[in-house]
Amino acid sequence: MSVDAKINMPIFETPEAAVQPFYLTGECDGNQTPLVRGRFARLTSPCQSILGRHDYPACINELCAEAMSLAACLSTTLKFEGVFTLQARGDGVVRTLFADVTSAGAMRSYATFDLEKAKTIAPAGPAILPRLMGGGYMAFTVDQDATHGDEARRYQGIVELEGSHLGDCAVSWFKNSEQLGAQVITAAAKTEDGWNSAALFLQQVAGEGGHDAGLSDDELADEWHTAMVMMSSVTRDELLSSSLGVPELLFRLFHAQNVHLQSPRPITDTCRCSAEKVEQVLGGLAIEELRDMSDEEGQLHVSCEFCKINRSYSLVDFLSP
């Protein structure tokens with residue numbers, strides 16, 4: 001039997017870095033109603049290029065890599081045109097953790113931290129959140145672009161930094177916002193080519209869908225429990241393996257529950273900064289602020305926190321004629 005027959009869907013050509021949406025219809029072959037939905041993100045080139053520019057200590061790279069795959073995963077669970085942002089602030093070694101991704105799949109990430117303390121911490125696989133960030137909060141934000149005549153909007157959910165791993169915060173967010181069961185596993189590791197990361201996400205579908213399929217509450221609970229057990233069996237090596245294809249991994253885990261694949265969403269390392277945007281920001285500052293920012297030769301130097309591109313401007317260009 002071919003792999004595409006096993007997973008009930010045509011095989012998509014999976015990009016090097018992408019989020020693969022899928023859903024499970026349960027152990028009954030006749031049911032076509034999704035009972036559990038999932039996302040699997042495996043990021044290679046975006047992690048390698050983004051973290052290669054930053055040159056962080058290993059434990060910070062690990063945390064950023066996991067944040068990128070988690071943000072990529074979660075962004076595809078929502079319908080929006082704009083930007084999805086994962087941002088955490090803590091009082092530990094890491095002060096800020098940031099990753100965002102557009103609805104088109106453009107990814108960015110960075111962190112701020114105590115460099116000397118970070119050098120003493122080894123990666124933990126997955127990253128242990130309390131020892132890196134201490135106490136604080138994590139915010140999940142959707143900035144919806146103005147489309148079809150509607151105004152731009154912002155939606156945000158905030159949870160405390162509780163639990164051992166980044167995925168625990170995401171689970172709390174989903175439980176608070178949608179009142180549905182969810183689980184996330186993240187992983188990151190450094191290879192000869194650089195850092196890779198992955199995230200596997202499962203969420204219960206609202207009970208009405210299962211009832212439409214003729215299943216009782218107990219049967220729906222059993223399906224969810226089985227999916228969680230299968231999910232917990234995945235190994236870190238499987239999540240990150242470049243030789244194990246995404247369809248093969250998902251079939252290995254969920255074939256008994258009839259896994260169905262949907263179109264993957266590519267993820268790219270794409271910064272949204274530009275010279276025009278920087279000029280607009282500088283043009284909106286007071287002259288005294290610009291003077292304080294300029295060097296002895298009257299030059300303003302701006303470095304993008306994400307892509308590390310340096311741009312220089314002359315102070316006289318911003319002085320009123």
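How many bridges join strand 5 to strand 12, and do these strands run parallel or antiparallel? In this predicted model, strand 5 and strand 12 (residues 268–269) are joined by 2 bridges and run parallel. One point of contact can be named: Ala 106 stands opposite Thr 268 in strand 12. Strand 5 itself spans residues 106–113, and 6 of its 8 residues are buried, so that the strand is mostly covered under the cut-off of 20% relative accessible area.

Strand 5 also pairs with strand 4 (residues 94–102), here in the antiparallel sense and over 7 bridges. Two of the facing positions may be located in the model. Val 101 stands opposite Met 107 in strand 5, and Asp 100 has Arg 108 of strand 5 as its bridge partner. Strand 4 and strand 5 form a hairpin with 3 residues between the strands. Within that hairpin, Gly 105 takes a positive phi near 95°.

Strand 4 has a further partner on the chain. Strand 3 (residues 82–90) is joined to strand 4 by 7 bridges, and the two run antiparallel. Gln 87 in this pairing has Phe 98 of strand 4 as its bridge partner. Strand 3 and strand 4 likewise make a hairpin, with 3 residues between them. Strand 4 is mostly covered, with 8 of its 9 residues buried. Taken in order, strand 3 pairs with strand 4, strand 4 pairs with strand 5, and strand 5 pairs with strand 12.

The charged side chains come next. Side chains of opposite charge can pair when their charged atoms come close. The structure contains 8 salt bridges when a side-chain nitrogen of Lys or Arg must lie within 4 Å of a carboxyl oxygen of Asp or Glu. Asp 100 and Arg 108, already met as bridge partners, belong together with Arg 272 to a network of salt bridges.

Strand 12 contributes to another such contact. Asp 269 and Arg 53 meet through their side chains in a salt bridge, with an N to O distance of 2.8 Å. The pair links distant parts of the chain, since Asp 269 belongs to strand 12 and Arg 53 to helix 2 (residues 45–54), 216 residues apart. Are these two residues buried, partly exposed or exposed? Asp 269 is partly exposed, with a relative accessible area of 27%, and Arg 53 is also partly exposed, at 31% relative accessibility.

Arg 154 and Asp 143 form a salt bridge whose closest N and O atoms are 2.7 Å apart. Because Arg 154 lies in strand 7 (residues 153–160) and Asp 143 in strand 6 (residues 136–144), this pair ties together parts that are 11 residues apart in sequence. The two partners fall into separate accessibility classes: Arg 154 counts as exposed at 58% relative accessibility, whereas Asp 143 counts as partly exposed at 23%.

A further salt bridge joins Glu 116 and Lys 119, with 3.7 Å between the closest N and O atoms. Glu 116 is exposed, having a relative accessible area of 53%. Lys 119 is exposed as well, at 54% relative accessibility.

Methods:
Residues numbered from 1 in each chain as written. Predicted model: local features only at pLDDT ≥ 70, side-chain atom pairs only at ≥ 80, totals over all residues. Heavy atoms only, no water. Buried < 20%, exposed > 50% of the residue type's maximum accessible area, 1.4 Å probe, protein only. Helix = DSSP H or I, 4+ residues; strand = E, 2+ residues; numbered from the N terminus. Pairing = 2+ DSSP bridges.
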